[in-house]
Amino acid sequence: MKTINDTVKITNTNGIAIVEINAPPVNALGAKVRKGIFEAIHHVLEIEDVKAIVISCQGRTFSVGADINEFGKPRIPPSLPDVLSVIENSEKPIIVAIHGMALGGGLELAMAAHYRIAAHNAHCGLPEVNLGILPGAGGTQRLPRLVGVQKALEFITSGKKISASTALKMGLVDKLVDPNGLLEEAVKYAQGIVANNSPLKKIRELTDKVSSDKNYSEIFDKFRTENARKFRGFLAPEYIIRAIEAAVSLPFDEGMALERNLLDELLAGPQTAALRHVFFAERKSGKIPKTSSDNHVASILKVGVIGAGTMGGGIAMNFLNIGLPVVIMDMSQTALERGRVTIRKNYENSLRRGKITERQIDDRMALLSGTIELSDMADCDLVIEAVFENLEIKKSIFTQLDGIAKPGAILATNTSYLNVDEIAAVTNRPEYVIGLHFFSPANIMRLLEIVKASKTNDLCLATAASLAKRIDKVGVVVGNGWGFVGNRILQARQGEAEKLILEGASPWNVDKVLYDFGFPMGPFQMRDLVGLDVGWNKNDTSSRTVREILNEMGRHGQKTNGGFYDYDDQRTRTPSKIAETVIIDFAKKHNIVRRDISDHEIHDRTLFAMVNEGAKILEEGIAACASDIDTVWVTGYGWPKYLGGPMFWADQIGLKKVVNTLLDLEKRFGDHFKPAALLIKLAEEGGSFATE
Ligand code: 3H9
């Protein structure tokens, strides 16, 4: 055995050298690992007895790519492309053994080798696009040569992982084996190659898959057009397409040089820092600060959900998906049946998209039971209440539940803005009461606000955080204040948007400014989609707001073909004359002087109101750090990912400038723009939210 450095060592079995990488937790290809591989390959090439080389990784996974922490810092040689070039040009066959995941530079390394074998439960992917860059170690040049242009375009621009069996079908790996015997199989495979004198398969030399597409520039144009909506605002997909075009039109080495230049441009550009921030922010938000109950989580073996509506059903699906039995409760058998049908329909949609099998649907549905008796929650370890937003009703449910649920069971409310302390206070176990704010549709949206009420204990919190991970949600712990983090900032933006339309901007203008900023839709379009009647009470409405009036007119949004916009039967929207008249009349009645409002004003008033509210949320400790606010808004509310979240965006502008803009807005539009004390302090100190 030879140790190259503490991340790479070599062992030798009967003429096969095993170069083993050990850089926990994920075998990222940082400077030390790159140097280790580089030296290890050179070393074994010199040993006459060694006839072939196997590259494998220790720990839970093969390499997941470049070390993201090195981005934005001076490069330390050898570069990854240089290391991979040594691998590809080795005159001895090199085989990689993939377990866990081969991602980014890790998969590029595998593609530089001559053969790839993988554990049958492994996954492969090139997720660089999610970090605002492209695979910069030959991925854009080798993959199309191996799998063809169309598949390479889809694979690299999506950043999605594929299973080993799909990789085998695509030709990305050569053989699948049992995970337990991976290394032995890889060695055997290498011995076979040596015995048969098999050729060194260099992907760079393959031409058949790309030469057939040489004269078809329309493949690329078609791909651009088809994905224009998905790629809107993001720089990396276009760069990836250009790099793959080069794989078709240029010799390998020239394509590699172009790939490098494109990578460097992206690294120097504005988006990758924001996307890396999003990556690390998401990981940070899932971590509960160390407490006395470290590593202690309650075991959740059965979940109860109260309310079989859209929300309750969506919540239930998360737990069915991970094999937990769920009992769902509603007031009538009809409501239960409706809920059950919706859940099955959702699963059938997934079946149609090839995401699950018929068998999985049956297994999951078999875990679901329904009841109209709260007493059937008695053996649940976690009960989530998902009835409509009425504090009194929620309190009454929790009072009863407290008498029914077993000791130690966690009682959660899915409220999106109500006071969790008030709900906890009606029970004799407030330390076991928590908020779990799922977002609609709850089976799809990744955000979960975990609301820590004043008495919620550490066990509950740690259990909720760990459960969030299990059900593939991004859990963010937030404090108990009106609207928590997400809805409180939404309210600040919505309030401003509503003032703007009364003062003279049209809803479609406001929507366009925010859409152009990068949101998937503006606030009024969103209102129409969600339903103007959500949170509206028909027994307590008296034309106090434009929204109330529209609701009173039966204009509840898309579902009634009219809200702020009019909709045809295909749900195509057009600005509504009726809504416009309602707005103008309302402004007149309340003596609001209407004027021309610029896009610039809409931009500043809506977005800086959000940043200011975010600063107040931080100041009050409702969010533990600024990056948690960014995570909430990026994962749950459509803040453009490539702008990092509202607090990251504010940091990029510079907090001095943010404060000056707010002071100016305060002068023109009132006290609510008064900058938060924290913002003023940070601006004066030359600080930022990132370093706060
Ligand atoms: C690339 O390869 C560029 C090349 O094409 C070109 C080069 C020239 N680097 O997420 P987890 C850390 S770009 C450094 O909690 P999971 C992570 O921060 C790269 N650190 O676990 C965390 O640290 P901590 C392309 C990394 O099981 C710990 O590992 N690759 C990296 O839920 C555990 O992570 C990617 O984009 C990294 N590359 O998920 C893959 N990756 O414990 C990005 C992870 O201190 N990574 N860490 O908080 C992922 O998608 C997920 O981390 C992964 C594991 C799926 C791998």
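Q: Before we start, what counts as a polar contact here?
A: A polar contact is a pair of N or O atoms within 3.5 Å. Keep in mind that this is a predicted model.

Q: Okay, so how far is the side chain of Lys287 from the ligand?
A: An N or O atom in the Lys287 side chain sits 2.4 Å from an oxygen atom of the ligand. That pair is a polar contact, because the cut-off is 3.5 Å.

Q: And what about Arg60 and Gly105?
A: Arg60 uses its side chain: an N or O atom there is 2.8 Å from a ligand oxygen. With Gly105, a backbone N or O atom lies 2.8 Å from an oxygen atom of the ligand.

Q: How much of the ligand does the protein bury?
A: The protein buries 78% of the 1,000 Å² that the ligand exposes when taken alone.

Q: Which residues come nearest to the ligand?
A: There are 26 residues around the ligand, and Val64, Glu108, Glu128, Arg283 and Lys287 come nearest.

Q: What classes are in that shell?
A: You'll find 13 nonpolar, 5 polar and 8 charged residues.

Q: Which helices chip in?
A: H3 (105-112) and H13 (271-285) each give the shell at least two residues. H13 supplies the largest share, 3 residues.

Q: New topic: how long is H25?
A: Helix H25 covers residues 599-619, and its 21 residues reach 30 Å from first C-alpha to last, close to the 30 Å expected.

Q: Why is H25 largely enclosed?
A: Because 16 of its 21 residues are buried, the rest of the structure largely encloses H25.

Q: What comes just after H25?
A: Gly621 does, with a positive phi of about 75 degrees.

How values were computed:
Residues numbered from 1 in each chain as written. Predicted model: local features only at pLDDT ≥ 70, side-chain atom pairs only at ≥ 80, totals over all residues. Heavy atoms only, no water. Near = heavy atom within 4 Å. Polar contact = N/O pair within 3.5 Å; in protein donor to acceptor, adjacent residues only side chain to side chain. Areas by Shrake-Rupley, 256 points an atom, 1.4 Å probe, with all protein chains shown as cover. Helix = DSSP H or I, 4+ residues; strand = E, 2+ residues; numbered from the N terminus. Nonpolar A, V, L, I, M, F, W, Y, C, P; charged D, E, K, R; others polar. Expected span 1.5 Å × (residues − 1). Buried < 20%, exposed > 50% of the residue type's maximum accessible area, 1.4 Å probe, protein only.
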